[in-house]
Amino acid sequence: MKLVTAVIKPFKLDEVRSALETFGVHGMTVSEASGYGRQKGHTEVYRGAEYTVDLVPKLRLEVLVDDPDTGDVVDVITKSAQTGKIGDGKVWVTPVDAVVRVRTGETGAEAL
Amino acid sequence: MPEISAGDTAWVLASSALVLLMTPGLAFFYGGMVRSKNVLNMLMMSFICLAIVPVLWVLYGYSLSFDTDAASGLIGGLGRAGLESIGLDSVSGTIPEFAFVAFQLMFAIITVALISGAIADRARFGAWALFVVLWVSIVYFPVAHWVFSFDDGDGGWIGDRLGALDFAGGTAVHINAGAAALALVLVIGKRTGWRKEQMRPHNLPFVVLGAGLLWFGWFGFNSGSAVAANGLAAGAFINTAVATAAAVLAWLAVEVVRDKHATTLGGASGAVAGLVAITPACAAVSPLGAIAVGLFAGAACALAIGLKYRLGYDDSLDVVGVHLVGGIVGTLLIGFFATAAFTGGSEGLFYGGGLEQLGKQAIAAGAVMGYSFVVTYILGTIVHRLIGFRATPDDEATGLDQIEHAETAYELGTATGAPSARLRATQADTEPVPAEEGVNA
């Protein structure tokens with residue numbers, strides 16, 4: 001099993017979510033995040049004083065997938081989250097040792 | 001016996017309530033500008049003024065400000081202490097004296113509350129409360145007498161004897177609070193991390209809400225100062241509206257040229273700057289003059305708020321840049337724009353009145369500024385030595401809401417807020433429980 005983590009632009013969530021739904025992914029965890037990459041931050045001005053805001057609001061999306069689906073899920077997320085402009089985010093994959101569904105105690109692929 | 005006018009009385013009572021609303025408005029104006037960990041403390045610094053000042057006003061404040069002069073126009077006597085000598089049939093002008101007492105009370109409340117913005121994020125709450133008591137007693141009450149107490153030439157030295165024009169408090173309220181703010185900032189020092197850490201306003205909608213409430217209430221402040229429902233009240237009303245509008249435009253124009261953007265905070269600040277400047281002048285200038293006052297004030301204040309970075313004092317929410325500078329602009333511009341059509345006599349330089357009025361305005365502004373600065377510096381130092389005005393750097397880092405008030409304003413995220421917070425004790429728990437019947441027995 002793999003954990004696919006994506007950091008995306010917040011307004012892209014709906015598109016990504018429905019694309020994953022269509023693909024057959026039926027669960028995910030979304031959390032608010034902030035960060036920066038090549039995009040860097042932006043400047044704000046309050047009464048003439050400039051502030052650099054380094055960290056830009058993002059969403060972090062986490063999806064557990066069975067090994068064979070990994071590449072497709074990454075593709076689906078990448079395509080649906082893309083605007084082509086700087087700051088679109090990143091997707092990465094990490095191996096997962098074990099998964100348990102809390103309600104039933106099911107493990108492995110059955111718990112997805 | 002003078003006749004009571006029902007119309008005048010109704011307007012002054014309504015105006016009193018309008019001016020009262022300015023203090024909660026100010027609380028939101030200031031509260032939105034601080035960081036989220038200090039917003040409750042900022043609100044409470046204003047709110048405690050609404051609690052302290054009325055009590056002092058009844059006990060001795062009104063008397064020191066408005067009783068028969070006791071010392072060459074410097075202070076009133078104690079003949080009205082406790083308001084014991086005032087009855088329901090006592091008359092002040094054309095209104096019941098109690099209406100005048102109520103109206104002037106609201107000015108005392110907001111004046112001291114204005115100072116709080118300068119020392120945001122770092123003042124101990126108890127020390128601030130003690131300072132409020134001392135400051136209104138020793139600074140505001142006498143200065144209000146100087147400026148607002150009229151008794152056919154035997155009243156306060158600035159308004160009644162010198163003949164300086166200050167209709168609603170450019171000197172007594174704004175220069176007074178602004179100079180006090182500067183003194184207090186110098187006593188208690190900069191916020192820890194000033195100019196290094198991010199100290200952005202946490203809620204600009206609050207700031208705009210507060211500015212709107214201030215603008216609304218200010219009609220009572222200025223127009224109500226006619227102490228009558230008459231033409232002068234109406235003239236002051238339209239001047240208040242248009243000067244504020246012009247100041248917003250001027251402030252935003254400065255920002256567009258300097259920073260490339262017209263900001264929300266700039267719009268709200270410009271409104272307050274215009275309101276401050278037209279306060280002394282609203283019954284001395286024509287509506288066109290009011291536009292000029294507003295434009296000057298908006299531009300001057302927008303530029304003046306940068307001074308603190310040059311001079312290195314941390315006037316956190318720009319009380320000096322807006323209230324001291326705006327108050328001076330408005331008070332001095334009377335010397336240029338005063339028109340007999342409004343004043344009924346005195347004329348400014350641009351209306352052929354020469355330099356006489358300008359001289360009087362400068363003396364009034366300088367005297368209030370000097371007195372307020374010096375006495376506030378002394379009072380602030382006394383409070384600081386006595387009980388400590390300044391929060392520790394650790395407490396500043398934690399935030400004054402938690403340290404001073406044991407509360408937090410917002411539930412930010414699900415992990416830190418109420419759902420997982422456990423109730424440790426309620427009032428009911430403090431009832432002694434007999435050991436054998438106790439829940440743990």
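**Reading helix α14 of chain B and its neighbours**

Author: The buried residues of α14(B) pack against four helices of chain B, namely α4 (125–148), α5 (157–162), α6 (170–188) and α12 (319–337). Please bear in mind that this is a predicted model.

Reader: Which residues of α14(B) are buried?

Author: An α-helix has 3.6 residues a turn, so residues three or four places apart point the same way. The buried residues of α14(B) include Gln357(B), Gln361(B), Ala364(B), Ala365(B), Val368(B), Met369(B), Ser372(B), Phe373(B), Thr376(B), Leu379(B), Gly380(B) and Val383(B).

Reader: What span does this helix reach from its first C-alpha to its last?

Author: Helix α14(B), residues 356–387, reaches 46 Å with its 32 residues, close to the 46 Å expected at 1.5 Å a residue. Gly388(B), with a positive phi near 80°, follows the helix.

Reader: How should one read the crossing of α6(B) and α14(B)?

Author: Two packed helices are described by the angle between their axes and the distance between the axes. Here the axes of α6(B) and α14(B) come within 7 Å and cross at roughly 40°, and the crossing is right-handed. Among the residues making the contact are Ile175(B) and Ala179(B) of α6(B), and Val368(B) and Ser372(B) of α14(B). By class, this contact has 16 nonpolar, seven polar and no charged residues.

Reader: How many residues of chain B are in contact with chain A?

Author: The size of an interface is often given as the accessible area lost when the parts come together. Counted by residues, 13 of chain B are in contact with six of chain A. On the side of chain B that touches chain A, α9(B) gives the most, with three residues. That side has three nonpolar, six polar and four charged residues.

How values were computed. Residues numbered from 1 in each chain as written. Chains lettered and ligands numbered in written order. Predicted model: local features only at pLDDT ≥ 70, side-chain atom pairs only at ≥ 80, totals over all residues. Contact = placed C-beta atoms within 7 Å. Helix = DSSP H or I, 4+ residues; strand = E, 2+ residues; numbered from the N terminus. Nonpolar A, V, L, I, M, F, W, Y, C, P; charged D, E, K, R; others polar. Expected span 1.5 Å × (residues − 1). Buried ≥ 20, exposed ≤ 12 C-beta atoms within 10 Å, placed from the backbone. Axes fitted to C-alpha atoms, helices over the stretch in contact; angles between N-to-C directions. Left-handed = near helix turned anticlockwise from the far one by under 90°.
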